[in-house]
Amino acid sequence: MPESRKSRLTRPETLTALGIIVVAAGFLVPTSDLRAISALLPAVMLIGLIVLSSLLLLADQRRAGEGVPATPMTQSPKRVIGAFLLIVAYALATDFIGFYVSTAVTIPLVAWIFGYRSPLGLLIATVIVVGTIWAIFDFGMSQDFPTGRLLGR
Amino acid sequence: MHNIFKKTAIAGAMCLAAGAALAQGYPEKPIEVIVGYSAGGGTDVMARTAAPFIEKYLGEGASVVVKNVPGASGQIGVTEAANAAPDGYTLGTFNLPGMMARTIDRKADYDRDSFTYLANVVNDPNVIVTSKKSGLDTLDKLLEEAKANPGAITVGMSSLGGDDHFALIKLQNATGTEFTIVPFKGSAPARTALLGGHVAMGILNISEVAEFQDQLNVLGVATKERSQFAPDLPTFQEQGLDLVNGSMRGFIAPAGLPDDVRQKLMNAFSQLSGDQEFLDAMAATANPVEVVIGDDFKQLTSDLYDLAKGVWETTPWN
Amino acid sequence: MYNDLLHALPNVFALTNFIAVVIGVIAGIVVGAMPGLSATMAISVLVPFTFGLEPLVALGLMAGIYNGAMYGGAIPAVLLRIPGTPAAVATTFDGYPMAQRGEGGFALQVAVVSSSIGGIASAFALMLLAPPLSRVTLLFGPSEVFWVAVFGLASIIFLLGGNPVKGLISACFGVFVSVIGSDPIFGNDRFTFGRLEMLDGINIVILLVGLYALPPVIDLLETPLKTDGVNSSKLGTESIWKALPRMKSYWKTWLRGSLIGIWIGILPGAGGSMAAFMSYNEARRTSKTPETWGEGEPEGVAAAEVANNADTASALIPALTLGIPGTAVAAVMLGGLLVHGLQPGPMLFRDNPDIVFGFMWQFLFGAILLVLLGGSLATNSFARLLNLPRPLLGAVIIVLMLIGVYTIHGRMFDVYLMLGFGAIGWVMDRLKFPLPPVVLGLILGGFAEENLRLALRIGRGDPMILFQNTTSLILVALTIAVIVGPTLKRRYFDSRMKM
């Protein structure tokens, strides 16, 4: 049974190919401001991306027409999105409230959310990791990590 | 957004405090010098070599800490220095003509009035060199060939809008010649192309060719007097060509530095040129010293800006 | 010169100088083994400190770190499919399948022995042949270097994977990323959107950490088994003396990989990853059983690892003699040399023989120490780390990724950029887009463009400049052979079959 129109368009490869085409076309706009020789290589690559993605799109749609089901990108989208959001949140927290605080919170938090829940293990791991980083980078190599834009220096 | 707000707030608070608190005990905490390049680069080595001597001449247990903020040919670092609080605890390194050229060929968040000019410390004069394979072993031969075949001579140099480029433009204007520019990423690749004979001529700096004098023809030095770095090389003026140009590195602070702090810092910098130990350390790291203090440094910067601006208006390079 | 070489030796064995090499190798292995941390980063963090150190202590540390990290990068490449350093990408091809088969221990032993051999060969090249090899570097002007880059890019066709369209999309993406930043000739911005942070281009480490480390981390969190039962508990490690005889047949690969690594090292700009890719491709091309490559062929690990260590010391040949570093790490090391007043050039060897030749010895000893320190100690302890509960392992790698990317330039902008590449990397991973073409495209795309445009300027616009000398023509012929060779070979066999 052929798939419905909507699910044909939401196949991962189709979506990706469409995404690449849109983004590549977007990047093509500023190439017109560049000198010809400067724009040549990027423009060729972007056009290449558009052509290749169109091929990918066609191939995927043909498979859809033949009724081949698309393989889902993940079995547990919630976990993947959650993991990615946590990593982004960690980067933002480092930027705005400082590296050491964020790290000391993130390690146990991530491990706990994703299923490792031994309090002692979490404590030891956090202390070891943060302590080692401090000893090597801050104490040993006087590398400054972000102290947090919100807190000032 | 946050950043700007915070900076204005801090700057405001600092200005209020500056007059009263800073006058006596400066420096009472470490002075940070922002270097716009990675550790180990020419400018970084200059800053780190100079740091202990500045500490010595500031006295009172001063401590100078180098902070590397690399990226965009030093522009990120110098922008940070320009926007720092003018309290004397944040200084920056400054490269000429690069830092001024960037305000012309690119959008920059600073201009020549954003700084308190402390001291220029290094002046690395340009040299014209030719490849052994080219057969152009004197300045006369080079200019003759350039006049006979305009554009036929390829010139290896580091990127456009730098000191090498301005030296070439001065040469072209002074002699009515025309060359083909081949801008490499940095001087070392340009020098290698010269050694391999892939380009005929090069414009480099004296510190970059001092070790390679046997493998290249060095035709002259763009200084008024012979450089101590290679005293046996003649200047262009000796050869009847008025060409003086070089790459300069110095120290700046944000604009609006309190007068007594500025005086104290300039005082410390001005003693550098008389310190033999400092001169030796700089010579060992390929940094020919020429100290220019305060207003003279500011004038120098201004002149270079005008030159770059003039060049840009007639022949923009990008 | 050889006299100076011997003369420098006793100083190398001074206690502090020797300890520096040992510490360097250990630190290098650790740094390389940490996903996210790279040798470039470790040495650039170290450079400011070397101001206060004796020259040979500082240089010994750097030589040790460089050698150690080139092997260390193989550890997560084999165990987690995360290359610890850019040069270890090719090690994942066969190393990870081996680990999944329960032969991770043997893969790491092959890696450490190969790394060591490559390092030793490279150190000898540096010690004995630096001046003649630097003359080889001089033969390569912009047009010749352009053909080297094209030759490297041609090998992308072997890395396309099962679906050539996806492989080519990856390659185009990589090349496109390589042009971001300032234009190589005019210096105007390309696709930087006014961000100064992007003017110098996208650092390979940022892209690599995003593409290669983030997807496996998400995997670790997505399917939280208690521990990673497949590949960590059964490393299958046996004594290295038992493992060595199994490696006897790799000598050809080692020899070829060493030569390729040394050659890539003396050419400015390309670096360890290209050496590893090329060595891998060449070894596979000449293998009798090319179909087992990519499925866990130990010789593939040997080919990649021997080459990425073989360009360590040789990358210093152009760095020391001409001031042009052969790899990103050598570029940072050049800074470390300048700090000690060691200016590259022909005089360097005359003015500071004890330090320069001592430094070369340190490279050699670093490479030898690699087997001793990397063999048992590192391999076993790092494998044990993988027994950590998967969510915890994932959390720790996230922190390391942030540190590794942040410390390159000390700015958060790079971290956000890395996360962006990470999202792209995850999609690519799930949809089976091959990642190696992205890496090669990034390394060689802009590099090829820059040299092509320099060559065209030298030729004043005449493209014939690209074909004007023997070196260029040889490289063109090699490139054609690489592209057409396999097809011709197949035709030949097919026609024989029909008869």
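C:Phe191 is found in the loop between strand 2 (189-190) and helix 10 (204-222) of chain C. This is a predicted model. C:Phe191 has a positive phi of about 55 degrees, although it is not a glycine. The points below cover backbone features in chains B and C, the build of chain A, and the contact between chains C and A.

**Backbone features in chain C**

- C:Phe191 counts as partly exposed, because 16 C-beta neighbours lie inside 10 Å.
- A positive phi is also present at C:Arg460, at about 50 degrees. This residue, too, is not a glycine.
- C:Arg460 sits in the loop between helix 21 (436-458) and helix 22 (470-498) of chain C.
- C:Arg460 is exposed, since 11 other C-beta atoms lie within 10 Å.

**Cis peptide in chain B**

- B:Leu96 and B:Pro97 are joined by a cis peptide bond. Its omega is about 0 degrees.
- B:Pro97 belongs to the loop between strand 3 (90-96) and helix 4 (98-105) of chain B.

**Build of chain A**

- Chain A has 6 helices and 0 strands. Read from the N terminus, its elements run α-α-α-α-α-α.
- The radius of gyration of chain A is 23 Å. The globule rule gives 15 Å for 153 residues, and the value for chain A is well over that, so the chain is more spread out than a compact globule.
- Along the principal axes, the C-alpha atoms of chain A fill a box of roughly 55 × 50 × 25 Å.
- Of the 153 residues in chain A, 24% are buried.
- Take the contacts in chain A between residues at least 6 apart in sequence: 69% of them join residues at least 24 apart.

**Contact between chains C and A**

- On the chain C side, 42 residues are in contact with 48 residues of chain A.
- Five elements of chain C give two or more residues to the side that touches chain A: helix 9 (164-179), helix 10, helix 19 (390-409), helix 20 (412-430) and helix 21.
- Helix 19 of chain C supplies the largest share of that side, with 11 residues.
- By class, the side of chain C that touches chain A has 32 nonpolar, 3 polar and 7 charged residues.

**Where the topics meet**

- Helix 10 of chain C ends the loop that holds C:Phe191. Helix 10 is also among the elements that give two or more residues to the side touching chain A.
- Helix 21 of chain C precedes the loop that holds C:Arg460. Helix 21 is likewise among the elements on the side touching chain A.

Methods: Residues numbered from 1 in each chain as written. Chains lettered and ligands numbered in written order. Predicted model: local features only at pLDDT ≥ 70, side-chain atom pairs only at ≥ 80, totals over all residues. Helix = DSSP H or I, 4+ residues; strand = E, 2+ residues; numbered from the N terminus. Buried ≥ 20, exposed ≤ 12 C-beta atoms within 10 Å, placed from the backbone. Rg over C-alpha atoms; globule rule 2.2 N^0.38 Å. Contact = placed C-beta atoms within 7 Å. Nonpolar A, V, L, I, M, F, W, Y, C, P; charged D, E, K, R; others polar.
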